[in-house]
Amino acid sequence: LFFQGVVGVSKFDIAVLGTGLAGLFTAVQLVKSGKKVVVFDAALTPGGRSVNMCVDGSPIEALSHPVHGLERESVFWRLCADMGIPDIPLRPATGYQVVLPRRRITIYPSAEETLQELRREFPLEADKTAKIYSYTSAQALKASKSVLTSYLLRNRSAHAFLKSMRISDELLAFFDVQSRMLAGHPVSKLSLHTLCFLLTKQPRAPLGGYSWLAERLCKRFVEMGGELRLDVPWPGIIHRSKKARGLETNGEFLETRSIVLNAVETGNERRLLLHLKSGIIPEEMKDAVYCLSENTDGNGLFALLLGEQAASGQKRDRVTASAIFTELSAEKTESSAFLDRISTIMPFLSEFVEWVGEDDPGARSYPLDSDSPLNTISVREENRFKRSAFKNLYVFPDSGSTFIGALPASRQLARQLS
């Protein structure tokens, strides 16, 4: 009735604003359930911040972030299979590194090599680390063959298991860094099932990068009857009495029962793109380095993603650094404070940086008017959707870090709206 008398109103069940990977998974699930869905994005390419960076006003494809949770029988795998996107080619990581304030640990594809590294770094806890890896390896094997074992592990806490081993806070931080970066959650919120596979399987990424995955999701969305509008101005949200009534775009009105806003950044995630002098990055440095500096509560956590080394032997000279900032020194800008952190891992960094660009987190964000009641939206947890002050407006932040932890929430939201 709100649009009664307005000529040419298009009607949809759900509108999704933004094409972050979590939003795209939600949109495909909704259209598959029979809902009439429209997706908007002001950008030309889909994928949100997992796929794109915006530096000095120019779009730049982000480096792929390998994650856990893409393997067979995972939530990701089941969702893709259910959507008719089977057999996504994945590339395994060839190892990665975890850097703690006083230690640098390489995680190899071989568990035995990783254990040797841990024995060197934590000699007083060598027996405990061997027991942890032996137990999780055995349980991962059992879970792959037994539904009951898998169920029991999913209902046990990884944190409680690790604490029962009486390990040091520093060794616990080693597991927590991997949990946050590769599974999307702190180890305190991780199931023992996920920990078992995190310690026994190498992280993976789509072979064509996350841009390829976003394009496959968009293609499937359109094939199933969804309407996709890219490279268009953001539509305005029409609301009344704390309820979103519809959208307005270029003089066109759309009536929608619910809106999913997937184009709001978390507000404290920052990424830098660094170009270094050729040949500076050590050959032994892995393509992904996960670092914890300053403290062990997750606030000093950041990642360094390096461009893959070419087969011809060309040196890597591009680094993407990402971090979640909770607080920074008032005397320094975010970029300079971030570079200080990176310098603890790559000494003399300032002497070899040719160019630094900071990703603009608001470049792909939905514009929220400061005077609008919509501006009450505030989201800090990127792996959860949140119902806003409006009865039918749901917020799913678009994060440049791992999207895999958001998939269960994506499935939950799709079921709720279906």
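**Salt bridges, a threonine and two unusual loop residues**

Good morning. I begin within helix α3, which spans residues 111–121: Arg 120 and Glu 117 are three residues apart there, so about one helical turn separates them. Please keep in mind throughout that this is a predicted model.

The side chains of Arg 120 and Glu 117 meet in a salt bridge, with an N to O distance of 2.5 Å. Are the two partners buried or exposed? Arg 120 counts as exposed, because its relative accessibility is 55%. Glu 117, by contrast, is buried, with a relative accessible area of 9%.

That pair is one of twelve salt bridges in the structure. As a general remark, side chains of opposite charge can pair when their charged atoms come close.

Let me turn to a pair with a long sequence separation. The side chains of Arg 49 and Asp 359 form a salt bridge at 2.8 Å, N to O. Which parts of the chain does this pair tie together? Arg 49 lies in the loop between β2 (37–41) and β3 (52–55), while Asp 359 lies in the loop between β17 (353–358) and β18 (386–387), so the salt bridge ties together parts that are 310 residues apart in sequence. Both Arg 49 and Asp 359 are buried.

The next example is the salt bridge between the side chains of Glu 170 and Arg 102, at 3.8 Å from N to O. This pair, too, links distant parts of the chain: Glu 170 is in helix α7 and Arg 102 is in the loop between β6 (96–100) and β7 (103–107), 68 residues apart. Glu 170 counts as buried because its relative accessible area of 16% falls under the 20% cut-off. Arg 102, at 67%, is exposed, the cut-off for that class being over 50%. These two residues also belong to a network of salt bridges, in which Arg 102, Arg 103, Glu 121 and Glu 170 are linked.

I move now to a single residue, Thr 256, which is found in strand β12. Thr 256 is buried, with a relative accessible area of 6%. What does its side chain reach? The side chain of Thr 256 reaches the backbone nitrogen of Ala 15 at 3.4 Å. A polar atom of the same side chain lies 2.8 Å from the backbone oxygen of Ser 258. Setting aside neighbours within four places in sequence, Thr 256 is in contact with residues including Phe 12, Asp 13, Ile 14 and Ala 15, as well as Ala 244, Arg 245, Gly 246 and Asn 392.

Next, backbone geometry. Most residues other than glycine have a negative phi. Arg 166 has a positive phi of about 55°, although it is not a glycine. Arg 166 lies in the loop between α6 (158–164) and α7 (169–183), and at 69% relative accessibility it counts as exposed. Asn 250, also not a glycine, has a positive phi of about 50°. Asn 250 is in the loop between β11 (243–249) and β12 (252–261); with a relative accessibility of 69%, Asn 250 is exposed.

Finally, the surface. Which residues make the nonpolar patch of about 340 Å²? Leu 148, Tyr 151 and Leu 152 make it. Leu 152 is found in helix α5, residues 147–154, and counts as partly exposed at 47% relative accessibility.

That concludes my presentation. Thank you.

Key: Residues are numbered from 1 along each chain as its sequence is written. This is a predicted model: local features need pLDDT of at least 70, side-chain atom pairs count only at pLDDT 80 or more; totals for chains, interfaces and linings use all residues. Side-chain values use heavy atoms; hydrogens and water are left out. Patches are made of residues with over 30% relative accessible area and no salt bridge: like charges are joined within 9 Å, nonpolar side chains (Val, Leu, Ile, Met, Phe, Trp, Tyr) within 5 Å. Accessible areas come from the Shrake-Rupley method with a 1.4 Å probe; for residues, only the protein chains shown count as cover. A salt bridge is a side-chain nitrogen of Lys or Arg within 4 Å of a carboxyl oxygen of Asp or Glu. Helices (H or I, at least four residues) and strands (E, at least two) are DSSP runs, numbered from the N terminus. Buried means under 20% relative accessible area, exposed over 50%, partly exposed in between (1.4 Å probe, protein chains only). A polar contact is a pair of N or O atoms within 3.5 Å; within protein, one must be able to donate a hydrogen and the other to accept it, and residues adjacent in sequence count only if both atoms are side-chain atoms. Contact means heavy atoms within 4.5 Å.
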